[in-house]
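Work through the following exercises with the sequence and the structure open beside you. Try each task before you read its solution.

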Amino acid sequence: MREKIMEILVCIKRVPDTAENEIELNSTGNDLNREDLVYSINDWDNYAVEEAIQIVDRVGGNVTVVTLGDEESKEVLRRELAMGANNALFLSDDAFGRLDGRGVATVLEKVVKKGNYDLILTGVQADDGASQIGGMLAAMLDYPYASVVNSIAIKEDKVLEISRETEGGNLEISQINMPCVLSIQTGINEPRYVGIRGIRKVASVEIPTLTTDDLGLDTLALKPRTTRLDYFVPELGESAEMLQGSTEEIITTLIGMLKAKGGLK
Amino acid sequence: MAHIFAYIVHEAGKADDTALELYTAAKKIDASAPVIAIITGQGEELNTVASELACVYDEVWKYADGQLSHPNAETIRPLLVSSIPADSVVLMAHNTFGMDLAPGLSIKLDEPFLPDVTEIKNLEGHILKVIRQELGGQVGTHVEADISGGLVITTRAGSFAPTDTNTTGKIIDKSQKIETQISKRRFIKMIAPEVGDVDITKENVLVSIGRGIEDEDNIEIAQELADAMGAVVSCSRPIVDAKWLGNSRQVGTSGKTVKPKVYLACGISGSFQHMGGIKGSPFIVAINKNPNAPIFQMADVGIKADILDFLPKLTEAITETNKSSR
């Protein structure tokens, strides 16, 4: 059998790490207080990169990671290079400042058209919880799309067998033609550990920057259709009664409540 | 206002619960516009769903075809694009089907997309203002869009009250418009989740753990508490992703739907996907070190504490109580 070679593009994003942060607003209340935020690669994207690397390990090919953002976003590209991605692309332009999801997908469409990718992966969602980039990108390219994918097997030339995780933990098995776009669910694999030493090794790898000119993008096409007006923190304990006092006092109160509600044997 | 449509998912001849919520959301966008339900499928099941929806919606468009027996977004999207009038507003639920269908639909209809909306604030002129959440529900945002050219919007299940409208809508058969097509994505089969060692859906008391447990070895801490309480350990998605517990223990829309009397959420942030798996209004106690965790919005009682410190002390106190009551 002829060896299959896969060219895979994985779209990744640097996001505030919600496990590491207590999110606060800035003094004017219109943005997050970003000064002390710990950022990392979007969890879903990390699974997508691991999946791409595992596919290429099996059948040969290349994994390219791409992100759009500020200079700091390069750190997630380096992290994924250290993980085993072959190439990285950095998308940066003043015109990329306030894109909506459609704008990001418009930029990525140009990136895909400049390459020769069989498979394009995104995470199921990122920090904004929108789950939109992959589906929009596929529609722009007229590629088939599947969301919430939690396994990928190569069936035959240019056909994948995938499973989607649907409600209640049911799996929906389908076949999909390549080229296609898939959004990857967490748990699809076990992403490998990336240490400081690994990241140091790729510190000198050249990462090309692509601008609107490089991509042949008309900035008018990037005009947002939706606008985020602000951020606000939902009020703490809108419904929860917060137990106060020493740990002993809290435990005594809690045990009383649990007994009353039938929570103790 | 142009037409307002709601795409309704259904299973075994019954419309999804979100069918009633989408009608409410549609009326919040424009109270005066008629709302048309769209359903796809085949056979008697589809007709049953159509009749059910005609009691709520002003009109029901049904598309019957063997190709539509299983909902495949790649087949349904071109169908909608060819039959929905320009500038329409299209609503659907933000579930795994909505995620498949909606973003691409907004591109093909050349309309703005508002995903996972939790509240519709107002429509002023052509500008619609909505609320959605980011960062796992830790922050809310107001988002607006000019909908003069239409809109695709997905709403979060449970965010809009079910409507109690009772009407007699017209059912319109749109089936003839389906052209035979070979989809680039072909449905093969569904596989039901595996049965685990315990059935958390039947338990009255759950000690549920999330990311805050930090390490596989710490699960013992939760198990000891559960043993003292006569409860069972369940968990949120990250614990299953890390393979620390099997997915039969996972509570949430992608896991099990549980109906306990008491739910102890330990180190669980409270994403809507997780909370979507808790039904029957249990007494929810949330223990989390992050005071901004969304779980505190949904719990009855909240405790700001690190579960790795707090749970062993709680276990000890409950064990003492058990001894003295013997």
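Two strands pair if DSSP finds at least two bridges between them. Keep in mind throughout that this is a predicted model.

**Exercise 1. The sheet**

Task: Find which strands lie at the edges of the open sheet of ten strands, and then describe how strand E7 and strand E10 of chain A pair.

Solution. Step 1: Follow the order of the open sheet, which runs E11(A)-E5(A)-E4(A)-E1(A)-E6(A)-E10(A)-E7(A)-E8(A)-E9(A)-E12(B) with mixed pairing. Step 2: Look at the two ends of this order, where strand E11 (209-210) of chain A and strand E12 (185-191) of chain B each pair on one side only, and are the edge strands. Step 3: Go to strand E7 (residues 145-156) of chain A, which pairs in the parallel sense with strand E10 (residues 180-184) of chain A over three bridges. Since pairing requires at least two bridges, the cut-off is met. Step 4: Place one position within this pair by noting that Ala146(A) stands opposite Leu182(A) in E10(A). Step 5: Add the helix that packs on the sheet, namely helix H4 (residues 96-108) of chain B, which touches E7 and strand E8 (159-165) of chain A as well as E12 of chain B. The direction of this helix makes about 85 degrees with that of E7(A).

**Exercise 2. Salt bridges**

Task: Of the 27 salt bridges found over all chains, examine those of Glu134(B), Arg156(B) and Arg249(B), and decide for each partner whether the residue is buried, partly exposed or exposed.

Solution. Step 1: Recall that side chains of opposite charge can pair when their charged atoms come close. Step 2: Take Glu134(B), whose side chain meets that of Arg228(A) in a salt bridge of 2.9 Å, N to O. This pair crosses between chains, from strand E8 (residues 127-134) of chain B to strand E12 (residues 226-228) of chain A. Glu134(B) counts as buried because its relative accessibility is 5%, and buried means under 20%. Arg228(A), with a relative accessible area of 34%, is partly exposed. Step 3: Take Arg156(B), which forms a salt bridge with Asp116(B), the closest N and O atoms being 2.9 Å apart. Arg156(B) lies in the loop between strand E10 (151-155) and strand E11 (170-173) of chain B, while Asp116(B) belongs to strand E7 (residues 113-124) of chain B, so that the pair links distant parts of the chain, 40 residues apart. Arg156(B) is buried at 9%, and Asp116(B) is buried at 2%. Step 4: Take Arg249(B), whose side chain meets that of Asp197(B) at 3.2 Å, N to O. The two are 52 residues apart. Arg249(B) is buried, with a relative accessible area of 13%, whereas Asp197(B), at 64%, counts as exposed. Step 5: Finish with a network of salt bridges, which links Arg164(A), Glu172(A), Asp100(B) and Arg185(B).

**Exercise 3. Aromatic rings**

Task: Classify the aromatic pair of Tyr7(B) and Phe97(B), and that of Tyr23(B) and Tyr57(B), as stacked or edge-to-face.

Solution. Step 1: Note that the whole structure holds three aromatic pairs over all chains. Step 2: For Tyr7(B) and Phe97(B), the centres are 5.3 Å apart and the planes make 25 degrees, and the pair is stacked. The pair joins strand E1 (residues 4-7) of chain B to helix H4 of chain B, and its residues are 90 apart. Tyr7(B) is buried at 4% relative accessibility, and Phe97(B) is buried at 9%. Step 3: For Tyr23(B) and Tyr57(B), the distance is 5.1 Å centre to centre with 90 degrees between the planes, which makes the pair edge-to-face. Tyr23(B) sits in helix H1 (residues 18-29) of chain B, and Tyr57(B) in the loop between helix H2 (43-54) and strand E5 (59-64) of chain B. Both Tyr23(B) and Tyr57(B) are buried.

**Exercise 4. Charges over rings**

Task: State over which ring the charged end of Arg14(A) sits, and do likewise for Lys174(B).

Solution. Step 1: The charged end of Arg14(A) sits over the ring of Tyr39(A), 4.0 Å from its centre. Step 2: The charged end of Lys174(B) sits over the ring of Trp61(B), 3.8 Å from its centre.

Key: Residues are numbered from 1 along each chain as its sequence is written. Chains are lettered from A and ligands numbered from 1 in the order in which they are written. This is a predicted model: local features need pLDDT of at least 70, side-chain atom pairs count only at pLDDT 80 or more; totals for chains, interfaces and linings use all residues. Side-chain values use heavy atoms; hydrogens and water are left out. Helices (H or I, at least four residues) and strands (E, at least two) are DSSP runs, numbered from the N terminus. Contact means heavy atoms within 4.5 Å. Axes are lines fitted to C-alpha atoms, for helices over the stretch in contact, and angles run from 0 to 180 degrees between N-to-C directions. A salt bridge is a side-chain nitrogen of Lys or Arg within 4 Å of a carboxyl oxygen of Asp or Glu. Buried means under 20% relative accessible area, exposed over 50%, partly exposed in between (1.4 Å probe, protein chains only). Rings of Phe, Tyr and Trp (its six-membered ring) pair if their centres lie within 6.5 Å; planes under 30 degrees apart count as stacked, over 60 as edge-to-face and the rest as tilted. A charge sits over a ring if NZ of Lys or CZ of Arg is within 6 Å of the ring centre and within 35 degrees of the ring normal.
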